[in-house]
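Open the model in your viewer and keep the sequence panel beside it. This tour suggests what to select at each stop and tells you what is there.

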Amino acid sequence: MPRTLAQSYSASPSITARSAGLFRSVVAGAVVVALTGCAVGPDYRPPQTVTPDQWHELPATGVRVESPDAPSLAAWWTTLNDPQLNELIERALAENKSVKQAYARVVQARAQRAISGAGFWPNLSGSTSASRSESESNLNERGEAVSTVGESYSAGLSASWELDLFGGQRRSYEAATAQLAATEAELRDVLVVLLGDVALSYVGVRTAQSRLDFAERNLESQREALDITRWRADAGLTTVLDVESANTSYQQTRSQIPLLESNLVQNMNRLAVLTGQTPGALESALQTRKPIPVAPVDIVAGVPADVLRRRPDIRSAERQLAAQTAQVGVATAALYPSLSLTGSISWQSLTASDLLDGSRLERSGVSLSLPLFNGGALRQNIKVQNALVDQALASYESVVLAAYEEVENSLDSWTSEQRRHVALIEAVGSARRAAELALVQYNSGLVDFQTVLTADRQLLSLEDSLAVSDGEMTSNLIRLYKALGGGWSVFPTATTGS
C-alpha cells in the first residue's frame, strides 16, 4: 500500500444540464484560483555582496578606471596589434570543441525550460481503434455451419489539466529560467577562458622562439670562442683545460636548445587543439619567428563592483542560487492539495462511415489530491532544498572572493614584472658589454679563460630571463584582462537563437 493517501472526486460519466452548470462553476472557480493564486516558497532576492571601493594593489600609473564596457576591455586581444593572433582567436571561437559543448548545454537548458513551461497547459490526446470478430454457431437445418462476422469502430479525445494552485509549476519554470541563464553564463565563461588560453599559448610560441634566438646566437658565439681556444692551444698560448672548459660551456648551451624546441612544439600543438585542429596543424603557419606581442602601456581595470556584473562565472553562480531558491518553492508546493480537471469524449459505431453519427460518450471530472501521510518526506525535502540554497550562496560568495583574489594577484604580477623587466634590460646590456670586454682581454692575455666563461654564462642566463620576462609582460596582461572578465561580451552568432 502506498504511503501517500489521497482524497479525490470525479463527476458522473453522464452529466445532466443542472449538474453540468454546477460543474462549469467549479471549473471556472478553480481556474480563477489557479491563475490568481500565490506561489509558495521564498521569493528570490539577489545577495547583497559587500564590495571594496577600490583595488588594494592598484598601481599609481598604467591603470585607467573607465567604463567596464570600454572597447579595449571587451576586445582586449586587439590591443596587442597582432593580426595572426586575431585570426587564431576567430577560428577558436568558431571551431573550439569546448565552446560547442557549452553551446549544446545551452540548447539543452532551453529545451528543459520549454518542458517546464509545458506544464502550464492542458494535455490533450486522441485515440482510434477498429476490431473485427468472427464466430461460428451451431449447424442450421441443412447441416451447414453458420458464422457471424462483427465489426466495431471507436474514436475519442481526452484532456487533463493540473491547475497550479500553489505555484509549484511556476516555481519550477522560474528555476528552469534561472538555470538557462546560468548555463548561458557558463558558455560566456568558456569563451573568456578560451580567449585567454589562445592568447597565452600564442605568446608561449613567440616566447619560445625568442628564447631560441638568444640561445642560438649565444651558441654561435661560444662556438667561435671554442675555435679560438683550440687555435690558441695549438699555438701553445693556452692549455687544454681552457679548451675543455670552452667545449663544456658550448655543449651546455647546445643541450638547452632541444628543451626550448620541445616547449615551442607543445605550445603550437596546444594552439591547434584550441582552434579545433589536430596537433601539428599550425606548425607551418607559426614556424616563421615573430616578436612577442607587446603589451600596451596602460589598461582598463574599472572598480571591484564592475567585476560582479562582468565576470560570467559570478553571474552563473548567482543564477544557480536563484534556481535553487525556486526549488524550495517547488518542494513547498508539494505539501498542498493539487487539483486536476479531466474530460473525454468518445464515439462508437459498427461501421467506419457512421462513426461520428454513432453513440457518443462524454466524461468530465475534477480530481483533488491531498497528501496526508508520507513519513515526513515532503518536509524533509524542503530542508534538503534549503540546505542546497545555503550551499549555492556559499558557492557564490566563494566565486566572488576568488575573482577579487585573481584580479589583485594579476595586478600585482603585472606591475611587478614591469619593474623586473626594466632591471633585466639594463642587466643584459651590462652583461653583453662585459662578455665582449672579457673576450678582448682574453685574446690579449690580460685575463684567464674562466673570466670569459663566467661572463658568457651571465649573459646567456640574463638574455634568457629577459626573453621570458618579455613573454611574462604580455602574459600577465592577458591574465589580468581574463581576471577582469574581458571578452565576456563575445558571443558566437550561432548561439544567439532562442
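Begin with the whole chain in a cartoon view, where the secondary structure comes to 11 helices and 6 strands; helices (H or I, at least four residues) and strands (E, at least two) are DSSP runs, numbered from the N terminus. This is a predicted model, in which local features need pLDDT of at least 70 and side-chain atom pairs count only at pLDDT 80 or more, while totals for chains, interfaces and linings use all residues. Residues are numbered from 1 along each chain as its sequence is written, and side-chain values use heavy atoms, with hydrogens and water left out.

Now switch on the surface. The accessible surface of the chain comes to about 27000 Å², and 54% of it belongs to carbon and sulfur atoms; such areas come from the Shrake-Rupley method with a 1.4 Å probe, and for residues only the protein chains shown count as cover. Of the 498 residues, 39% count as buried, where buried means under 20% relative accessible area, exposed over 50%, and partly exposed in between (1.4 Å probe, protein chains only).

Next, select residues 312-333, which form helix α9. This helix has 22 residues and reaches 32 Å from its first C-alpha to its last, close to the 32 Å expected at 1.5 Å a residue, the expected span being 1.5 Å times one less than the number of residues. Because 18 of the 22 residues of α9 are buried, the helix is largely enclosed by the rest of the structure.

Add residues 377-443, helix α10, to the selection: α9 and α10 pack at an angle of about 170 degrees, with their axes 9 Å apart. The axes are lines fitted to C-alpha atoms, for helices over the stretch in contact, and angles run from 0 to 180 degrees between N-to-C directions. That makes α9 roughly antiparallel to α10, since angles under 35 degrees count as roughly parallel, over 145 as roughly antiparallel, 65 to 115 as roughly perpendicular and the rest as oblique. Among the residues that meet here (contact means heavy atoms within 4.5 Å) are Leu321 and Val328 in α9, and Leu388 and Tyr396 in α10.

Move on to helix α5 (residues 168-234) and helix α11 (residues 449-483), which also pack at an angle of about 170 degrees, with their axes 9 Å apart. These two helices are therefore roughly antiparallel to each other.

Stay with α5 and select Gly168, which lies in this helix. Is Gly168 buried or exposed? At 15% relative accessibility, Gly168 counts as buried. Leaving aside residues up to four places away in sequence, Gly168 touches Val330 and Ala333. Gly168 and Thr332 are 164 residues apart in sequence but 7.7 Å apart in space, C-alpha to C-alpha.

For another pair that is distant in sequence, select Glu362, in strand β6 (residues 359-369), together with Ser158. Their C-alpha atoms are separated by 9.7 Å, although the two residues are 204 residues apart along the chain. Glu362 counts as partly exposed, at 42% relative accessibility.

Finish with two backbone details. Most residues other than glycine have a negative phi. Asn81, in the loop between α2 (71-74) and α3 (83-95), has a positive phi, near 55 degrees, and this residue counts as exposed at 66% relative accessibility. Helix α6 (residues 240-274) is followed by Gly276, whose phi is positive, near 80 degrees.
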